[in-house]
Amino acid sequence: MGVQSLKSGVAAGILAASLAASGITPAMAATPEDTLVYGTSLAQVISLDPHQGQEVTSLEIMANLYDRLVASDAAGNLTPQLAESWEITEDGITFHLKDAVFNNTGNPVTAEDVVWSIRRVLKLNQAPAAKLGSTGYTAENIDSLTEALDDRTFRIALTGEVAADFLLYRLSEVAASVVERAEVMEHEADGDMGNGWLRTHAAGSGPFDLQRWAPNDIVIMNADEDNWSGAPILKRVVMRHVPESQAERLMLERGDIDIAGALSPKDIAYFSDKDGVDVRGISTGGFYALAMNVTQEPYSNPKVREAIFHAIDYDGIEQAIMGPYGKKRLLPVPMAYEGALPDPDWDYNPEKARALLAEAGYPDGFTTNIKVIAQTPRVELSTAIQAGLADIGIDASITQGSGADIVPDHRARNFELLVPQTGAYMPNPMGAMEQFSNNPDNSPEANNAGNFVWRSGWDIPELTELTARTMKENDPEKRVAMYGEMQQAFIDATPAILPMFERFLPLAISTDVKGYEGHPQQVTRLDKVSKSE
């Protein structure tokens, strides 16, 4: 057996063993006809509680276990999900619920479950709380702003801090998933509102049920065949942790997986002209970024930050590393979005970078560390940044880890440099940029771990205030002008979180897979996906 065949055989054996352990017996070199097998990195999956987990792969899993009041389609249009309809008034939004039931118990989804779920997001005070917190909702005021008018009618009052359409997009996020109050509270321990249990279980009304999750190994979701919205076409979805690109490529070639979601640019290119495989690039509206912790020297110095901007060879990295994963973009608004400004003059210029370091008091550079989740292309990107920093005298080591290692450090401000990724929660500049422009309380006591800017300790009161005013603006034309102001203010502040590349999700998908529509916010629903016989 040759090396390629041996590696493929090992990969297939791992998959078969995992499936067999769950009572699934696949044929070798072909996934089961009733099962979608998705190879990807599960390194970021640290919780499947929708009011706690918010990393990319977690979102795609939870989007299939839970429903929200509203959803957004791949084009960014808001669509009903649990809500049959809604009415917007000057002071609130009233939702009328469909006749839906929870999967595990068969109990109806009521307005009281919706109320409790929205309140739970804020009172649990995990990272997703920032999704609603930035729009004026708090753990202290949410009880007075949400109510069940009857079993099928839910109302949320507007805070005056956000336009109604922006709030609807917030409610379309996984963070606003509706969970079954009675079931979750049966498992409450020490006042955790069931969080300890819900991290590894599900209590939703989505098209799939969680059968198994083994961290950094496998997630198995079974179709809820009696689901209120109709049975999914396939019987199950299996997500396999295959972070090594070559192994994933071999598995897709053999037919051991149906979708490859963690391939290197080289392996994506390998499939570009292969029969039986469709290569797609899904825009996310988000970015691969470089976060700098300005609570620590020397990153509190704007000249040091600007020096680092000029130490990165964006064009070379795009060509050699990013490929289908990213396009150079130094502002946190995709160029395709209305109101996007051109990139600032932060291009690769090592000589200028060294001069800025000298002006900042570091003529001989300094020593630092880059933390990164061990995932393509972030590891390769970190290595390229390391080389650029070395060229201007900054000696950077790299610490790799799983999401369980790196994400808590990011949220706790326990890093010097870190390479995160973002996504947009709605298809406009605010949906992409707010994560980079809003930090209402930078104090350590705020402990606002869900706020992207707070994690870097970057205090931006003027930009935060401008973001807040833009969030309230109902006139679309005025918003566009304000988006421009936000971007210019971001440039002027010498950001502590540098967007480097607009992020795309490249997928290699077997042509046997039908109906897979990738979603920009990584909340692809899989109930309409089928496979050729």
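The paragraphs below move through a predicted model, beginning with its nonpolar cores and going on to two helix pairs and one buried serine.

In soluble globular proteins, nonpolar side chains tend to be buried together. The largest nonpolar core in this model has 95 residues, and within that core Phe95 and Leu290 are the residues that touch the most other members. The element that gives the most to this core is helix α6, spanning residues 164-171, which supplies 6 residues. A second core of 40 residues is separate from the largest one, and Ile61, Trp116, Val174 and Met193 are among its members.

Leu290 deserves a further look, with residues up to four places away in sequence set aside. Its contacts then include Ile308 and Ile312, then Ile385, then the run Leu417, Leu418, Val419 and Pro420, and finally Ala496, Ile497, Leu498 and Met500.

The first helix pair consists of α11, residues 302-309, and α13, residues 350-359, whose axes come within 8 Å and cross at roughly 165°. Since angles over 145 degrees count as roughly antiparallel, α11 and α13 are therefore roughly antiparallel to each other. Their crossing is left-handed. On the α11 side the contact is made by Lys303, Val304, Glu306 and Ala307, while α13 contributes Lys352, Ala353, Leu356, Leu357 and Glu359. Sorted by class, the residues of this contact between α11 and α13 comprise 5 nonpolar and 4 charged ones, with no polar residue.

The other pair is formed by helix α16, residues 429-437, and helix α19, residues 476-492, which pack with their axes 11 Å apart at an angle of about 30°. Because angles under 35 degrees count as roughly parallel, α16 is roughly parallel to α19. Here too the handedness can be stated, and α16 passes α19 in a left-handed crossing. From α16 the contact draws on Pro429, Met430, Met433, Phe436 and Ser437, and from α19 on Tyr483, Met486, Gln487 and Phe490. By class, this contact of α16 with α19 has 7 nonpolar residues and 2 polar ones, but no charged residues.

The last stop is Ser117, which lies in helix α3, residues 111-124. The relative accessible area of Ser117 is 1%, and since buried means under 20%, Ser117 is therefore classed as buried. When neighbours within four places in sequence are left aside, Ser117 is in contact with His51 and with the consecutive residues Ser177, Val178 and Val179.

Methods: Residues are numbered from 1 along each chain as its sequence is written. This is a predicted model: local features need pLDDT of at least 70, side-chain atom pairs count only at pLDDT 80 or more; totals for chains, interfaces and linings use all residues. Side-chain values use heavy atoms; hydrogens and water are left out. Axes are lines fitted to C-alpha atoms, for helices over the stretch in contact, and angles run from 0 to 180 degrees between N-to-C directions. Helices (H or I, at least four residues) and strands (E, at least two) are DSSP runs, numbered from the N terminus. Angles under 35 degrees count as roughly parallel, over 145 as roughly antiparallel, 65 to 115 as roughly perpendicular and the rest as oblique. A crossing is left-handed if the near helix is turned anticlockwise from the far one by less than a right angle, and right-handed if clockwise. Contact means heavy atoms within 4.5 Å. Ala, Val, Leu, Ile, Met, Phe, Trp, Tyr, Cys and Pro count as nonpolar, Asp, Glu, Lys and Arg as charged, and the others, Gly among them, as polar. Buried means under 20% relative accessible area, exposed over 50%, partly exposed in between (1.4 Å probe, protein chains only). A nonpolar core is a set of buried Ala, Val, Leu, Ile, Met, Phe, Trp, Tyr and Cys residues joined through side-chain atoms within 4.5 Å.
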